[in-house]
Amino acid sequence: MSTVKITPSAASFATSIKHLAGIQLPRLQNTIFSSNSTKFRAPRRAFTVSMAASLDTPLEVCVKQSITTPNKLGDCPFTQRVLLTLEEKHLPYDMKFVDLSNKPDWFLKISPEGKVPLIKLDEKWVPDSDVITQALEEKFPEPPLTTPPEKASVGSKIFPKFVAFLKSKDPSDGTEQALLDELTVFNDYLKENGSFINGNEVSAADLSLGPKLYHLEIALGHFKNWSIPDSLSYVKSYMKSIFSRESFINTRALKEDVIEGWRPKVMG
């Protein structure tokens, strides 16, 4: 079983220090981390949230292993959503890579359905990205990422429309227009409401939608030579903002993995 330990970077920590009122100041120590033969030195952060459990011990997360590169994160957008939440909350975590084409016994014992993501919280393994992100918000409320209920579903219809268009073999079946319609609705929303779904601050809804738009951009570009029209400028700016965040760069799948992950669905 391959694992990689991740600790919040100094840059990402500094950008959110304003949200950490009431939280014990971080103490720093230099720590060597290694992944196989690759080693790097990073400042390790440890702090206490509302007198809760210390974060000296990374949270264990089971993730899809890359199918193109050993010991790299795979292409699951739901797993990235969980990792983004951990990154934005500056919580250290330990990724346990799982080969989903040959699931090991240790993984099936803790995940009978054989699905990722899976995270260990309070000595219990918790499945499902919806459940995990809500649990993380409750257990580690700072910085807050909650999206107001009336905004939580914004952009949620884009992903199924993308999948339908990607799998379509009939150019006249309306799936492309259906996707464009949803992207246009989202573009208009951003124009009226700000840079992100909840205004000018990233929230949970962005961390859910961002990985799906990443898959959309790569898969449709590769399999259909298609890209979001320049006329949807607010969507394109949104994607650029999300994709350039340090948390996203740290947790994104390789382009090759996204392509190979969608290939069976496209060719099937």
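In this predicted model, a search of the whole structure yields 11 salt bridges. Side chains of opposite charge can pair when their charged atoms come close. Three of these pairs, and one buried acid without such a partner, are followed here through the fold.

The setting for the first pair is an open sheet of 5 strands in the order 1-5-4-6-7, with mixed pairing. Its edges are strand 1 (3-6) and strand 7 (124-127), each of which pairs on one side only. From one strand to the next, the twist averages 25°. Within this sheet, strand 4 (residues 59-64) and strand 6 (residues 118-121) are antiparallel and pair over 2 bridges, and Val61 stands opposite Ile119 of strand 6.

Glu60 and Lys120 form a salt bridge whose closest N and O atoms are 3.9 Å apart. The pair links distant parts of the chain, with Glu60 in strand 4 and Lys120 in strand 6, 60 residues apart. Both ends are partly exposed: the relative accessible area of Glu60 is 22%, and Lys120 has a relative accessibility of 24%.

A second pair begins at Lys64, whose salt bridge with Asp75 has its closest N and O atoms 2.6 Å apart. Lys64 belongs to strand 4, while Asp75 lies in the loop between strand 4 and helix 2, 11 residues apart. Asp75 counts as buried at 6% relative accessibility, and Lys64 is likewise buried, at 17% relative accessible area.

Two helices lie across the sheet. Helix 2 (residues 77-88) crosses strand 1, strand 4, strand 5 (93-98) and strand 6, and runs at about 150° to strand 4. Helix 4 (residues 129-139) lies across strand 4, strand 6 and strand 7, at about 30° to strand 6.

Helix 2 also contributes Glu88, which meets Arg245 in a salt bridge of 3.0 Å, N to O. Arg245 sits in the loop between helix 8 (233-243) and helix 9 (246-251), 157 residues from Glu88. Here the two ends are unlike in exposure: Arg245 is partly exposed at 27% relative accessibility, whereas Glu88 is buried at 8%. Elsewhere, salt bridges with shared partners join Glu60, Lys96, Lys120 and Glu123 into one network.

What surrounds Asp257 in helix 10 (residues 255-267)? Not counting residues up to four places away in sequence, Asp257 touches Ser66, Ile67, Thr68, Leu73 and Asp75. Asp257 is buried yet has no salt bridge, and its nearest side chain of opposite charge, Lys64, is 6.7 Å away. A polar atom of the Asp257 side chain does, however, lie 2.9 Å from the backbone nitrogen of Ile67.

Definitions and conventions. Residues numbered from 1 in each chain as written. Predicted model: local features only at pLDDT ≥ 70, side-chain atom pairs only at ≥ 80, totals over all residues. Heavy atoms only, no water. Pairing = 2+ DSSP bridges. Helix = DSSP H or I, 4+ residues; strand = E, 2+ residues; numbered from the N terminus. Axes fitted to C-alpha atoms, helices over the stretch in contact; angles between N-to-C directions. Contact = heavy atoms within 4.5 Å. Buried < 20%, exposed > 50% of the residue type's maximum accessible area, 1.4 Å probe, protein only. Lys, Arg positive; Asp, Glu negative; His and termini not counted. Salt bridge = Lys/Arg side-chain N within 4 Å of Asp/Glu carboxyl O. Polar contact = N/O pair within 3.5 Å; in protein donor to acceptor, adjacent residues only side chain to side chain.
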